[in-house]
Structure formats: C-alpha cells, structure tokens
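Biologist: I am new to this structure and would love a close look at just one part of it. Could you pick a helix and walk me through it and its surroundings?

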Amino acid sequence: MSWLTEYVRPRIRTLLGRREIPDNLWTQCPACEQVVSTRELEASLKVCPNCGHHLRGTAQERLAWTFDPAPGVTGAGDRRMDGARPEGGEPGFTRIELPRAPADPLGFRDQKRYVDRLRDARAKTGLDDALVVAHGTIGGHRCVVAAMAFEFMAGSMGAAVGEGIVAAARLAVLQSAPLIVFTASGGARMQEGAISLMQMPRTTIATRMVKEAGLPFLVVLTDPTTGGVTASFAMLGDIAIAEPGALIGFAGARVIEQTVRETLPEGFQRAEYLHEHGIVDMVVHRGEMRATLARLVGLLRRVPDAGRPAAEGASGSGAESGAASVPEAAQAEPADVVADAP
Ligand SMILES: [Zn+2]
C-alpha cells in the first residue's frame with residue numbers, strides 16, 4: 001500500500017465527510033410542490049408560505065402552538081423549539097399521564113401482531129398512544145387540551161384514546177376549565193374490533209360530562225378527521241372549528257361515490273365545503289387559532305365566571321339564573337348542527 005491510499009485518501013474522506021448535509025433541511029409542500037426550508041416552515045407553524053397549505057402537525061406541536069408560551073419564551077421560533085423537544089421542555093403547559101388500557105385485548109394479528117405494531121409506533125413517536133392531554137392557559141384562560149396524534153397509527157381510536165378523552169373531560173370538570181380537542185384520525189382502531197367501537201359512546205358521555213358542568217367544549221377538526229371519531233365526540237363541540245383544507249368525513253369519498261352512483265361536488269368533505277353547508281361553524285387559519293380559541297373561551301366563560309361565586313355564596317337568585325342561562329344558550333345552536341350532521 002502506498003502513501004497515497006493509506007494516508008491521503010482517508011484524509012480526503014474525513015474532510016468531505018464533515019460536509020454532510022442533514023436531509024431534513026428542506027420540505028416539499030404536498031400541495032404546491034414548492035421546496036421550503038424546514039426552519040421557515042416550522043416558524044410559520046407548518047403552513048406553506050407559498051400557497052397557505054396547512055401541513056399536518058404532531059400532537060406535541062399542537063400543544064406548543066395552542067397554549068400560551070411559558071414566561072420568558074417570546075418568539076414563535078422559541079415556541080417551535082420547545083414544542084419539538086420530546087421530553088422535559090414543554091413550557092406553558094403540563095402534560096398529564098393517561099390511564100393505561102389493555103394492550104391487545106383480542107390477541108389480534110394481521111401481517112403483523114398488534115402488540116408489535118404498538119411497540120413500533122411507540123418507538124417511532126415517543127407516545128403511548130394516539131392522544132396527548134395537557135392543561136395550561138390559552139390567552140390567560142385555564143384550559144384542558146386533548147390533541148390526537150395522527151403520527152401514531154393514523155390517530156386511530158382504541159381503548160387508550162377513549163380512556164384519554166374520558167380523562168381529559170374529568171380533568172376539565174375538576175379544574176372547572178373548558179375542554180378543547182384537536183382531532184386527527186383515520187377512525188376506529190380495527191385491531192381492537194368492537195372495543196374500539198365502544199369508545200364512541202364512551203367519548204360521547206365524556207363530552208356530555210363537560211357540558212353538564214356548564215363548561216365550554218370546543219373541537220378543532222384538523223386534517224384528516226374521519227370514521228368513528230367524526231361519528232362521535234368530534235361533531236359534538238359547542239363550536240366546531242376546522243383548519244383550512246382539512247378532510248372531514250365519515251366514509252371515504254370513493255365509497256360514497258360508488259354507493260350513490262353520482263359524481264361528488266368539488267371540495268366535498270373539505271373544511272370550507274362543510275362550513276358553507278353548516279356542519280362546521282368556522283374555518284380558522286392555524287396562525288390565528290390560539291387567539292380565536294382564547295376569544296371564544298373568554299366569550300363563553302364570561303358570565304359563569306362572574307356569576308358563580310355570587311350564586312354559590314350569597315345565593316342571589318338573579319345571579320344564579322344569569323349564570324345558568326348563558327351556557328344553555330351557547331349549547332343550543334351546536335346541538336342543531338349535530339342533529340343535521342348525519
Ligand atoms: Zn404550498
């Protein structure tokens with residue numbers, strides 16, 4: 001071996017090796033196919049600066065985007081960094097541990113065992129299941145937020161997600177705080193069979209609990225919200241908010257097309273179409289989501305907050321009736337929306 005191969009070549013390799021470029025520096029927008037720097041994209045809360053397409057966010061990012069930043073954290077960039085940090089960070093909000101559900105109640109196996117799928121998804125995402133729940137403040141209002149994780153087995157709802165929604169509702173009642181749920185789901189988790197379907201009535205009852213306590217229950221439908229999640233708690237919010245362009249539906253468009261033997265209209269099952277047809281109350285840009293939620297919670301909470309101490313303490317009949325009437329009025333309209341939905 002010569003001096004060239006033994007000494008010079010390794011030297012050149014080390015020099016070149018240092019110039020490695022990380023492959024996650026650029027992201028291509030799935031809508032306009034423009035290549036955007038990942039850094040710029042994260043600073044804009046994963047909204048394409050070119051076409052405004054809302055890319056999917058992880059559950060952890062949702063929490064960071066939604067809650068007020070912790071004291072000392074100011075810019076959007078700082079918040080983004082904290083949201084991306086897997087453990088430890090999380091300023092401005094506190095994540096709660098969710099109750100454990102039976103891991104594989106049916107001993108299910110398709111090409112892969114369900115327990116193996118769960119293990120892989122847990123390793124990939126660092127989450128226990130497809131839901132995270134946290135409490136903190138939004139625009140200074142104490143809130144409980146449950147965010148579904150589409151990155152975990154397509155956000156499918158099994159017993160663990162059901163337990164999580166129940167836990168979030170209980171926490172909201174306990175803290176006398178509004179419950180806000182961000183949905184992102186492919187539907188029921190087929191590996192849990194009928195048990196996953198049982199989560200539909202369970203989560204419905206859980207949201208009922210929040211409403212009976214006179215607390216606001218807001219749902220933010222994000223891309224995609226389908227199947228059993230749409231058919232249960234996702235459509236029961238006092239106010240149904242959606243992100244622009246989000247796919248929201250029960251069955252897939254192709255299945256519907258084959259069943260009704262008709263060509264479906266443009267934009268069918270998209271947030272804007274559903275807004276025009278009264279299923280969704282508002283379509284809100286991600287950059288305005290926190291301010292909108294803060295405003296809505298402020299509006300829905302104003303009278304009960306002022307009336308409750310007077311009603312409990314001095315038992316003034318005027319204050320009591322004033323406090324009770326507003327949440328009922330707030331719920332009356334969405335109940336109609338739900339009745340029209342199916
Ligand atoms: Zn784009």
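Modeller: Happy to; here is a tour of helix H6 and what lies around it. Please keep in mind that this is a predicted model. H6 covers residues 159–175, which makes 17 residues. From its first C-alpha to its last it reaches 24 Å, close to the 24 Å expected at 1.5 Å a residue.

Leading into H6 is a loop that comes from strand S5, and Met153 is found in that loop. Met153 is not a glycine, yet its phi is positive, about 45°. Most residues other than glycine have a negative phi. Met153 counts as buried because 24 other C-beta atoms lie within 10 Å.

Now to the helix itself. Its buried residues begin with the run Ala159, Ala160, Val161, Gly162, Glu163, Gly164 and Ile165, and they also include Ala168, Ala169 and Ala172. In an α-helix there are 3.6 residues a turn, so residues three or four places apart point the same way. What covers the buried residues of H6 includes three strands, S4 (131–138), S5 (141–148) and S6 (179–185), along with helix H7 (193–212).

At the far end, H6 is followed by Ser176, whose phi is positive as well, near 50°.

H7, one of the covering elements, deserves a glance too. It has 20 residues and reaches 30 Å from first C-alpha to last, close to the 28 Å expected. Ser196, Gln199, Thr203, Ala206, Thr207, Val210 and Lys211 are the buried residues of H7. Just after H7 comes Gly214, with a positive phi of about 75°.

Key:
Residues numbered from 1 in each chain as written. Predicted model: local features only at pLDDT ≥ 70, side-chain atom pairs only at ≥ 80, totals over all residues. Helix = DSSP H or I, 4+ residues; strand = E, 2+ residues; numbered from the N terminus. Expected span 1.5 Å × (residues − 1). Buried ≥ 20, exposed ≤ 12 C-beta atoms within 10 Å, placed from the backbone. Contact = placed C-beta atoms within 7 Å.
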